[in-house]
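Please look over the model shown here, with attention to its enclosed space and its metal site. The report below takes these two topics in turn.

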Amino acid sequence: MNLKYFDAHLHWFINSAFADRLAENIGDRSSGEYYIDTYCKDGTLVGGIIMGNGDIHQQGINIPDNFYYCLGLDLKERVAQIDDYFDCIEEHLMREKCVGIKIYPGYIPIYPNSGYYDSIYKLLVRYNKVLSVHTGMLASLSGKLKYAHPLHLDDIAIDYPSLRIVMCHFGNPFLSEAAAVLERNKNVYVDLSGLIEGPFDAQKFMIEEKNYIELLKTWIQYIGDNQRFMFGTDWPAVKCDIYTEFISELFPENDIENILINNALNIYNIKGD
Ligand SMILES: [Zn+2]
């Protein structure tokens with residue numbers, strides 16, 4: 001089964017031993033060229049959103065057609081002096097390829113609702129672009145989990161009702177709290193990346209992790225609005241094509257095409273290159 005998909009959450013790290021290890025673990029190589037060569041070649045991957053990491057001056061360069069990026073604020077020392085980078089951040093938001101800003105609470109020890117990022121949120125509202133927030137489990141032992149709890153997004157959603165907020169990774173494993181935030185805030189959306197990490201066989205996973213899948217389905221149904229969910233991989237965490245089989249299992253047949261492609265384009269307001 002070859003499903004077409006848009007990958008709304010992927011990473012192209014530059015010189016990262018961590019990313020190299022993740023890629024090696026799934027039998028891939030951590031580079032943008034490898035990703036395009038591997039996943040676009042049979043026409044199933046139609047585009048995606050690169051979640052930025054590292055130096056903000058280096059992000060958003062050489063983004064291929066049908067791909068976009070969120071400017072990632074993941075360097076502690078840069079975030080500590082965020083006001084100094086305000087003009088540079090605004091310049092990114094003026095570009096069509098830049099569809100939002102990604103913040104990394106947990107990796108960065110700042111609560112997303114602390115007021116620290118308020119000037120950024122106002123800027124996003126002004127440019128009608130998306131705030132993407134890392135929520136849930138951290139991929140490394142460094143960092144502090146409390147900052148990454150999905151409940152913090154409730155404050156932002158209420159204080160900025162016209163801001164579109166993407167809760168990356170569905171707050172996993174804080175699923176019930178994530179669902180509570182989503183149920184009452186229609187301006188909060190989910191990318192379903194990062195729910196699995198490492199190599200897996202989709203069919204086997206579906207059987208062995210039946211309870212996990214039921215739990216995810218339960219909270220998705222509780223929210224009751226499948227237009228607010230979108231596909232993403234967190235590549236190089238998993239092989240993208242196999243991950244589509246897992247995500248498709250969570251939704252009714254009629255919604256799958258929207259989950260895999262259209263919802264992301266609507267949520268990130270992407271018109272196409
Ligand atoms: Zn990610």
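## Lining of the largest cavity

By class, the lining of the largest cavity in this predicted model comprises seven nonpolar, two polar and two charged residues. The residues that line this cavity are Gly54, Ile56, Gly72, Leu73, Asp74, Leu75, Arg78, Val79, Ile82, Tyr85 and Ile89. Among the elements that contribute to the lining, strand S3 (67-73) and helix H3 (76-79) each supply at least two residues.

The space in the largest cavity amounts to about 60 Å³, and a search of the whole structure finds one cavity of 30 Å³ or more.

## Zinc site

The zinc ion has as its protein donors His9, through NE2, His11, likewise through NE2, and Asp234, through OD, and these lie 2.0 to 2.1 Å from the ion. Along the sequence, the spacing of the donor residues follows the pattern H-x1-H-x222-D. Within this set, the pair of His11 and Asp234 links distant parts of the chain, the two residues being 223 residues apart. His11 sits in the loop between strand S1 (5-10) and helix H1 (17-26), while Asp234 belongs to the loop between strand S8 (229-230) and helix H10 (240-248).

## Burial of two donors

Are the donors His11 and Asp234 buried or exposed? His11 has a relative accessibility of 6% and therefore counts as buried, the cut-off for this class being under 20%. Asp234, at 17% relative accessibility, also counts as buried, because its value falls under that 20% cut-off.

Definitions and conventions: Residues are numbered from 1 along each chain as its sequence is written. This is a predicted model: local features need pLDDT of at least 70, side-chain atom pairs count only at pLDDT 80 or more; totals for chains, interfaces and linings use all residues. Side-chain values use heavy atoms; hydrogens and water are left out. Donors are N, O and S atoms within 2.8 Å of the metal (3.2 Å for Na, K and Ca); water is not among the atoms, so sites may look incomplete. Helices (H or I, at least four residues) and strands (E, at least two) are DSSP runs, numbered from the N terminus. Buried means under 20% relative accessible area, exposed over 50%, partly exposed in between (1.4 Å probe, protein chains only). On a 1 Å grid over the protein atoms alone, a cavity is a set of points where a 1.4 Å probe fits but cannot get out, and a pocket is an open set with protein on both sides within 12 Å along at least five of seven lines; lining residues have an atom within 4 Å of a point. Grid points are joined across faces, edges and corners, and a volume is the space filled by probe spheres set on the points. Ala, Val, Leu, Ile, Met, Phe, Trp, Tyr, Cys and Pro count as nonpolar, Asp, Glu, Lys and Arg as charged, and the others, Gly among them, as polar.
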